[in-house]
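Dear colleague,

Please find the structure below, handed over for your records. My notes on what was found in it follow.

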Amino acid sequence: MIRLAEARAAAQIAALWSEMILHTTSTFTSEQKTERAIGAMISERKGAVFVLELKGHFSGFVTFGPFRQGPGYAATVEHTIVVAADAQGAGHGRALMQRAEAAAREAGHHVMVAGISGTNDAGIRFHAHMGFVEVGRMPQVGRKWGQWLDLVLMQKIL
């Protein structure tokens with residue numbers, strides 16, 4: 001059900017992520033993800049990109065990578081999780097996050113950070129349920145569709 005992403009998953013990840021980009025303010029970017037960029041991410045983040053398959057159907061992914069540059073931040077990672085609408089509410093997001101957290105711990109990371117749009121109430125609730133704590137709120141640092149957006153920072157000590 002949850003496995004490490006392989007290069008062949010790049011198109012599916014790009015499509016799901018781009019769908020979110022096009023239709024929500026859950027991410028501030030308006031630039032769609034490409035299969036090539038996702039393929040490069042999978043290659044660069046060995047052991048840090050996982051996909052969810054339900055009955056042979058791609059239904060979501062989670063990945064983590066560097067939080068900031070420099071050796072002082074090496075033990076901190078930031079993650080992205082996207083679950084298809086038809087797979088939400090059944091514990092699949094929780095399973096993906098648990099797998100990512102375990103992999104991050106195994107890789108020696110100490111803290112996982114979530115940067116969540118202030119408009120994404122479900123995402124904030126999900127992360128709180130997963131044990132993430134809100135550590136900051138940055139008003140109006142993002143802009144999409146002519147709207148100023150807050151960034152909610154949450155973290156979990158692994």
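**Findings**

At 53% relative accessibility, Trp145 counts as exposed, because exposed means over 50%, buried under 20% and partly exposed in between, with a 1.4 Å probe and protein chains only. This is a predicted model, in which local features need pLDDT of at least 70 and side-chain atom pairs count only at pLDDT 80 or more, while totals for chains, interfaces and linings use all residues. Residues are numbered from 1 along each chain as its sequence is written, and side-chain values use heavy atoms, leaving out hydrogens and water.

Trp145 lies in the loop between S6 and S7 (strands, E, at least two residues, and helices, H or I, at least four, are DSSP runs numbered from the N terminus). Its phi is positive, about 55°, although Trp145 is not a glycine. Gln140, found in strand S6, is likewise a non-glycine residue with a positive phi of about 55°.

The largest nonpolar core (buried Ala, Val, Leu, Ile, Met, Phe, Trp, Tyr and Cys residues joined through side-chain atoms within 4.5 Å) has 22 residues. Val62, Phe64 and Met112 are among those with the most contacts inside it. Helix H3 (92-106) is one of the elements giving two or more residues to this core, and H3 gives the most, with five. Apart from this core lies another, of 18 residues, including Ile13 and Ile21.

Both Ile13 and Ile21 are among the buried residues of H1. The buried residues of H1 pack against helix H2 (35-44), S2, S3, S4 and strand S6 (133-144), with contact meaning heavy atoms within 4.5 Å.

Yours sincerely
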